[in-house]
Amino acid sequence: MGNVQNTPHRADVGVVDSSVQHAAHAHAAPTGFIRKYIFSLDHKVIGLQYYFLALASVFTGLILSVLMRIHLVWPEWAIPGIGIIKDEQYLGLLTLHGTFMVFFVLTTAPQSGFGNYFLPIQIGAADMAFPVLNMLSFWTTFAAFIVMLGAFFTVMPIAGWTSYPTLSALPNAGSLPWGQDLWLLSIALFCAASLMGALNFITTTLDLRCKGMSLWRMPLTCWTWFVTAILGLLAFGVLLSGGLLLLLDRNAGTSFFVPGGLVVNGVQQRHEGGSPLLWQHLFWFFGHPEVYIAILPGMGVASQLLSTFSRKPIFGYRAMVFAVMAIGLLGFMVWGHHMFMSGMSPYTAFAFSLMTMAIGVPSAIKTFNWLGTMWRGKIRFYTPMLFAIGFVSLFVSGGLSGPFLAQPTLDIPLHDTFFVVAHFHLIMGVAAIFGIFAATYYWFPKMFGRMMSESLGRLHFWFTFVGTYAIFMPMHYEGMAGRPRRYGSMVVAGGLFNRLAALMPLEKFISIAAFVTAAAQLIFVINLFWSMKKGEKAPVNPWEATTLEWTIPSPPPHDNFAGNTPVVNHGPYEYSVPGVERDYVMQTDPASVHAH
Amino acid sequence: MGTLRQSVGGSGRGDNFREGGGGGERYRPGRYEPAGYYERLRRYRLAVAVLLLSVIMIFVALTSAYIVRAGMGTYDTVTHSYVYDWKPVQLPNELLLLNTLVLVLSSGTLEMARRNLNARAVTAGLTGLPGVAVEPERSAPWLGITLVLGMAFLAGQFLAWRELRSQGMFLATNPSSSFFYVLTGAHAAHLIGGLVALFYAAFATVFGKSLATRRIVVDAAGWYWHFMGALWIYIFALLHFGK
């Protein structure tokens, strides 16, 4: 923090520098319902739109996972409205579960949702750099969501969220042709929307920071949104290209990903000369950075909250920023570790393995700094803090299985088993979800002007935290026992996996844990909507935090700072500064608040 | 391009924004520019640069797929050997060279439009001096010529596709022809985006947007357009030498 304090301050005045005209907010506050809530240009409304879209997706994905758990353990159950789930429907369920969760939840809520709402406020801007583009990117995402729902309700694609050819490339190889086309169309729309969003985030961060808000005074949330936007910018274009080629393979008879000589259902395919591995390269060049797109904003939120609720400066601010950058950079060099099974040269595999394990270094730096931040702090265990600590816990638990899978010799037996399912659900799935929960409980007072219920929040946390471990820890063991992914039923007459029947009691335990955890999410929903109407009125700064969003009313006015652009004199994490009466220094406090 | 109108629009809303703002460069008072001009210019240039980065990634992905496929054999299970089956497309080189020339020329005419707008901005403040006349408005015709040349390029690409089709080279004929259509088609799609931007620039000139706004639009569209030219030369070189 020393560097931040030594920065020569440009103005030693309070919150307001009225000499700076505040004209970025080119659009006046709309009055009609449609311009205010539907086609809004306000980054806060757009952020909430993204958030509720993610909420709809997460419950869709959750229901799909419950159906999957039912089919795995009680395949004879008839689901009302669906009937008995067939194995190919199970494949459809897992495909759409993965797709909804990865794209429309983990990519949408932390970055597009909270990022849209709070990035401009935290850097002291009135809005994003390009409000119309912002609106366009939300509605493109929404269109992608609708198209994906179309795939859900017509013919479910069955090739998994990774959509590997040749299953995904041959219309007559899957169950029916339409679903996969809709999936690809939806993903293409999603890519375009994400590119627009990334453009907006990057330009906003670089160009709209208020006076005194140097890059090194940005909250870590802003840093993670910024780096995530760069990752999205570089990754989604590649997925878009790959998706275009796959769409052509399916519909125009090209052979980018389909090798020659294939016979499907007794029919010789007319494709020849393509390579399914080409798709895997293109997909994972996007897919691995995508993992960090999902988790980095959660890291930012965890950093922010651990510092705020421990009443201590974040341990190693610059190290945190450089660690985020290093993770982003390395994220582009490791895609091959998803393909150790593809027959790649051992030398290539070695290089990918080395780069992958190198990611452990910045990850460990972050974990160490989080623990260092809490160490001997005056910790306030509010619900957002519980979820932030839960994030660190899951990040460590899920992260530790990473170096196992990063080694080709271990990955080859563990590949496509439940060990991998456990790994990525803990570190990328649930950890990022915990980041979303933490952010929700933390920022809810600012977004809706009311507090959420603490007691319901704690109940929700403990159910979710214990439930998560109960679901995913046993999966490691199942994976090591050889339980494969993506199998609707393991035990069939004369089947390959009949020896796995011994795992059935464990499977049942996982399913029950999943049902309880899923049901516990209703506590969150009730808390969310009840608190919107009936929660205790929130003050301007309920958590006694330092960043700019806590200087303005809850909820913020249309143009955030009501025309008075803030002036920043302090870093974002000045808690318990010696010699200062209050135990926190707002970023906008006069520079003379403490000596440096 | 509604974005431009929304946040740059002529009512002075964008002016004076963020004078001496945080982090980046200090405001440079231009001698001839209205306040806030450089901030707006910088923001739109930044946006175009970021946009081009994502376009580059799209073509990086296609390029790597092309190179990998061109050098890759398929394993023949009958003979147990790799068969190298890449049959490069015979490019209609003369036609493509002509198209390249047209596109390069269009970059030149766009630059003429940009210079005309700059000269008008400079001379607008000097009308009182004897012997100095305001630079006449010529940006609209130059933009018009650029648009025509851009469309001529597209028509030329269409002719190239027709020529390949007449040779029996369709999208799905073989991997090489597939890549030819995908690379040129993806470029054409991006170029159409550039044409829309140029159309908006010409439109802004005709319908009396402020000079500063027109300069920014032409500048931002210009960066994109010049990049489209460079991208085409790259794709042409890749198809010609990378087979």
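Q: How does A:R311 count in terms of exposure, given its C-beta neighbours inside 10 Å?
A: A residue is buried if 20 or more other C-beta atoms, placed from the backbone, lie within 10 Å of its own, exposed if 12 or fewer do, and partly exposed in between. Because A:R311 has 15 such neighbours inside 10 Å, this residue counts as partly exposed.

Q: What pLDDT do side-chain atom pairs need in order to count in this model?
A: Residues are numbered from 1 along each chain as its sequence is written, while chains are lettered from A and ligands numbered from 1 in the order in which they are written. The model is predicted, so totals for chains, interfaces and linings use all residues, local features need pLDDT of at least 70, and side-chain atom pairs count only at pLDDT 80 or more.

Q: What is the phi of A:R311, and in which loop does A:R311 lie?
A: Most residues other than glycine have a negative phi. A:R311, which is not glycine, has a positive phi near 55 degrees. Counting helices as DSSP runs of H or I with at least four residues, numbered from the N terminus, A:R311 is placed in the loop between α9 (276-310) and α10 (317-331) of chain A.

Q: Which helix gives the most residues to the largest nonpolar core?
A: A nonpolar core is a set of buried Ala, Val, Leu, Ile, Met, Phe, Trp, Tyr and Cys residues joined through C-beta atoms within 7 Å. The largest one here has 229 residues, and A:L199 and A:F391 are among those with the most contacts inside it. With 22 residues, the helix that gives the most to this core is α16 (residues 418-448) of chain A.

Q: Against which helix do the buried residues of α11(A) pack?
A: In α11(A), the buried residues are A:A349, A:F352, A:S353 and A:T356. Seen down the helix axis, they fall within an arc of 105 degrees, so they line one face of the helix, the arc being that of the directions from the axis to the C-beta atoms. Taking contact as C-beta atoms, placed from the backbone, within 7 Å, these residues pack against α15 (408-414) of chain A.

Q: What is the omega of the peptide bond from A:P165 to A:T166?
A: A:T166 is found in the loop between α6 (131-153) and α7 (178-207) of chain A. The peptide bond from A:P165 to A:T166 is cis, with omega near 10 degrees.

Note on methods:
Helix = DSSP H or I, 4+ residues; strand = E, 2+ residues; numbered from the N terminus. Contact = placed C-beta atoms within 7 Å.
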